[in-house]
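Thanks for coming. I have one structure to show today, and it should be on the screen now.

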Amino acid sequence: MDTFPENITKTLRAGITTASAAETEGLGVRLAHVVPDDTWVALRGDLGAGKTTFARGFARGMGIKEDITSPTFAIFVPYTGTSRQLVHMDAYRLNGPDDLDSLMLDDCLRPPYILLLEWPERLRDTLPHDTWHITFRSIGEARRNIRLQTPPSATL
Ligand SMILES: Nc1ncnc2c1ncn2[C@@H]1O[C@H](COP(=O)(O)OP(=O)(O)OP(=O)(O)O)[C@@H](O)[C@H]1O
Ligand SMILES: [Mg+2]
């Protein structure tokens, strides 16, 4: 747990380049401790940019024992954390926000929760206004640049 939670948000807002998957996971662990309840976190980046790797660490930070993988058959998968639920969603195979209507995501999002959303572009402009945005950029084989944008309402 970060003694000074602003450190991880500050680090990620400035942008940081990791040199391994383990390092990216470690950032996910740390951010999990500071994201407020009922927040959507959009993970943006190309195939293999590290979104699921980050989500795996984030889940660990929430006290989830199962290993997070790319949800292949489901669009979203709920997990039970120590003090709140995690919903890991991959919108890659959605054609647009209308596709989401039939999936009953709202029924699954029971507060307190965190929603980690890969391929948020698929939902276009339907994300909540206070969504946190993280962008992943591959730099060669093993380096990934990771940058966080928080909404104006975020206090950390
Ligand atoms: N610094 C790094 N950070 C994260 N992943 C890394 C890093 N270096 C290498 N990798 C590797 O890159 C791959 C990232 O895959 P991951 O599934 O996390 O990507 P993704 O963004 O979720 O892709 P997709 O859009 O297909 O879901 C993994 O194989 C991981 O081991
Ligand atoms: Mg993924």
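I will go from the overall fold to the metal ion and then to the pocket.

Please keep in mind that this is a predicted model. The protein chain has five helices and seven strands. Starting at the N terminus, the order of these elements is α-β-α-β-α-β-β-α-α-β-β-β. The radius of gyration is 14 Å, close to the 15 Å from the globule rule for 156 residues, so the chain is as compact as a globular protein of that length. Along the principal axes, its C-alpha atoms fill a box of roughly 40 × 35 × 35 Å. Of the 156 residues, 47% count as buried.

Now the metal. Which protein atoms serve as donors to the magnesium ion, ligand 2? They are OG1 of Thr52 and OE of Glu118, at 2.0 to 2.2 Å from the ion. Thr52 sits in helix H3 and Glu118 in strand S5, residues 113-118, so to speak two distant parts of the chain, 66 residues apart. Are these two donors buried or exposed? Buried means under 20% relative accessible area. Thr52 is at 12% and therefore counts as buried; Glu118, at 3%, does too.

Last, the largest pocket. About 180 Å³ of space lies in it. Its lining has 15 residues, and those nearest the centre are Thr52, Ser70, Asp90, Glu118 and Trp119. Helix H3, residues 51-61, gives the largest share of that lining, with three residues. By class, the lining of this pocket has five nonpolar, six polar and four charged residues.

Technical notes
Residues numbered from 1 in each chain as written. Chains lettered and ligands numbered in written order. Predicted model: local features only at pLDDT ≥ 70, side-chain atom pairs only at ≥ 80, totals over all residues. Heavy atoms only, no water. 1 Å grid on protein atoms, 1.4 Å probe; cavity = no way out; pocket = protein on both sides within 12 Å on 5 of 7 lines; lining within 4 Å. Points joined across faces, edges and corners; volume = space filled by probe spheres on them. Helix = DSSP H or I, 4+ residues; strand = E, 2+ residues; numbered from the N terminus. Nonpolar A, V, L, I, M, F, W, Y, C, P; charged D, E, K, R; others polar. Donors = N, O, S within 2.8 Å, 3.2 Å for Na, K, Ca; no water. Buried < 20%, exposed > 50% of the residue type's maximum accessible area, 1.4 Å probe, protein only. Rg over C-alpha atoms; globule rule 2.2 N^0.38 Å.
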